[in-house]
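Trainee: I would like to go through this model with you, beginning with how accessibility is classed. Could we then turn to the contacts between the chains?
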Amino acid sequence: MLVLTCPYCGVAACETELAPGGEAHLKRFGPGSSDEDFEAYLFLRPNVKGVHFERWRHAMGCGKWFLAARDTATLEVFGTYRAQTSAPPPEIVAAIQAKRPDWSLT
Amino acid sequence: MSDQAVSALPGAEATGLVTVREMGLQGMVTLRADLSAAARAVQRVTGAAMPGVRRIEAGKGCSVAWMSPDELLILCDRAGADRMVFDLTEALTGQHHVAVNVSDARAMFALEGAPGGLRDVLSKVTPADMGALVPGEMRRTRLAQVPAAIWFEAEGAARVICFRSVARYVFDVLAMSARPGGAVDYH
Ligand SMILES: [Zn+2]
């Protein structure tokens, strides 16, 4: 069972109380962008095995979107953080690097 | 028209490991606002201090529950809900907010019995940690397949709120979980 702590209400929420929102920190390519950029924005995901940043919504709870860093292979959760950020905050990066010294934010 | 209002499942009651009872007409007002900016107005209207995260504060004839960083639920008399909306709207003039009487959009249930049995009956149908839920804390979660909010008025008295459209489903799920023979003796 995957448990993520919502940074807005503090509830340690079971996966079944949450709605998944896919990969986090995507840069939007909208009107005026090239077909290649638009396609990549809509469809192309690295789908990594390992450290991954994700969007989740506390759907059966406070209703807020938040972000989570976890390992897709081991399900280890490094941390959760507020959605109002375009990159993982330093404490999340540090928490990941403490467990995965080889990993870096690229 | 309000004198003709009926609750979702008038008189519904089931007794087993605990008693499950539909509570009849209950006033509920949702307020969405910047809660820190609205604290004084909320206190003036309800008599309650602004609740902390997931907390419930008692006011004058009502209680105020923290539902999200920008949302409160005020529980009051059904007949006083429209007045509550009016007073909140007036007290928050000039502040971005919305106050709505949601009484007829919800159903509320009382579960009463032994504290451990209550937590067992709820735990069978929610992933929330009922052992960690103390009186005065509001826990939004799911009951089986639908959203619900659960809190304890006292150790032996739990309350459940759900959308009115799923009132029958929630009552049946709770009544089934409370059926004799289903004791798990965990809490
Ligand atoms: Zn939450």
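Mentor: Buried means under 20% relative accessible area, exposed means over 50%, and partly exposed covers what lies in between. Please keep in mind that this is a predicted model.

Trainee: Where does that put Glu76(A): buried, exposed or partly exposed?
Mentor: Glu76(A) has 23% relative accessibility, so it counts as partly exposed.

Trainee: Which residue forms a salt bridge with Glu76(A)?
Mentor: The partner is Lys99(A), with the closest N and O atoms 2.8 Å apart. The two come from distant parts of the chain, 23 residues apart: Lys99(A) is in helix α2 of chain A, and Glu76(A) is in the loop between β5 (65–71) and β6 (77–82) of chain A.

Trainee: And is Lys99(A) buried or exposed?
Mentor: Lys99(A) counts as exposed, because its relative accessibility is 51%.

Trainee: What about Ala98(A), in helix α2 (residues 90–99) of chain A: buried or exposed?
Mentor: Ala98(A) is exposed, at 62% relative accessibility. Its C-alpha atom is separated by 9.6 Å from that of Phe78(A), which is 20 residues away along the chain.

Trainee: Let us change topic to the interface. How many residues of each chain are in contact?
Mentor: On chain B there are 16 residues in contact with 12 residues of chain A. Together the two chains bury about 1,000 Å², and 56% of this is on carbon and sulfur atoms.

Trainee: How many salt bridges and polar contacts are there between chain B and chain A?
Mentor: There are 2 salt bridges between the chains, and 6 residue pairs are in polar contact across the interface.

Trainee: Which elements of chain B give two or more residues to that side?
Mentor: They are β5 (63–68), β9 (139–143) and β10 (146–154) of chain B. The largest share, 4 residues, comes from β9(B). By type, the residues on the side of chain B that touches chain A comprise 7 nonpolar, 3 polar and 6 charged.

Trainee: Which residue of chain B meets Glu17(A) in a salt bridge?
Mentor: Arg139(B) does, at 2.9 Å from N to O. The pair joins two chains, because Glu17(A) lies in the loop between β2 (12–14) and β3 (19–23) of chain A while Arg139(B) is in strand β9 of chain B.

Trainee: Are Glu17(A) and Arg139(B) buried or exposed?
Mentor: Both Glu17(A) and Arg139(B) are buried.

Trainee: Which residue of chain B does Lys64(A) pair with?
Mentor: Lys64(A) forms a salt bridge with Asp70(B), the closest N and O atoms being 3.0 Å apart. Lys64(A) and Asp70(B) also belong to a network of salt bridges with Arg32(B), Glu71(B) and Arg140(B).

Trainee: What does Thr141(B), in strand β9 of chain B, have in contact with it?
Mentor: Beyond its neighbours within four places in sequence, Thr141(B) is in contact with residues including Glu17(A) and Met60(A) of chain A, and Val146(B) and Ile150(B) of chain B. Thr141(B) is buried, because its relative accessible area is 1%. Its side chain also makes a polar contact of 3.1 Å with that of Thr126(B).

Trainee: Finally, how many salt bridges are there over all chains?
Mentor: The whole structure has 16. One of these joins Glu137(B) and Arg54(B), with the closest N and O atoms 3.0 Å apart. Those residues are 83 residues apart, with Glu137(B) in the loop between α3 (115–123) and β9 of chain B, and Arg54(B) in the loop between α1 (35–46) and β4 (56–58) of chain B. Glu137(B) is buried, at a relative accessible area of 12%.

Conventions: Residues numbered from 1 in each chain as written. Chains lettered and ligands numbered in written order. Predicted model: local features only at pLDDT ≥ 70, side-chain atom pairs only at ≥ 80, totals over all residues. Heavy atoms only, no water. Contact = heavy atoms within 4.5 Å. Buried area = accessible area lost by both parts, 1.4 Å probe. Salt bridge = Lys/Arg side-chain N within 4 Å of Asp/Glu carboxyl O. Polar contact = N/O pair within 3.5 Å; in protein donor to acceptor, adjacent residues only side chain to side chain. Nonpolar A, V, L, I, M, F, W, Y, C, P; charged D, E, K, R; others polar. Buried < 20%, exposed > 50% of the residue type's maximum accessible area, 1.4 Å probe, protein only.
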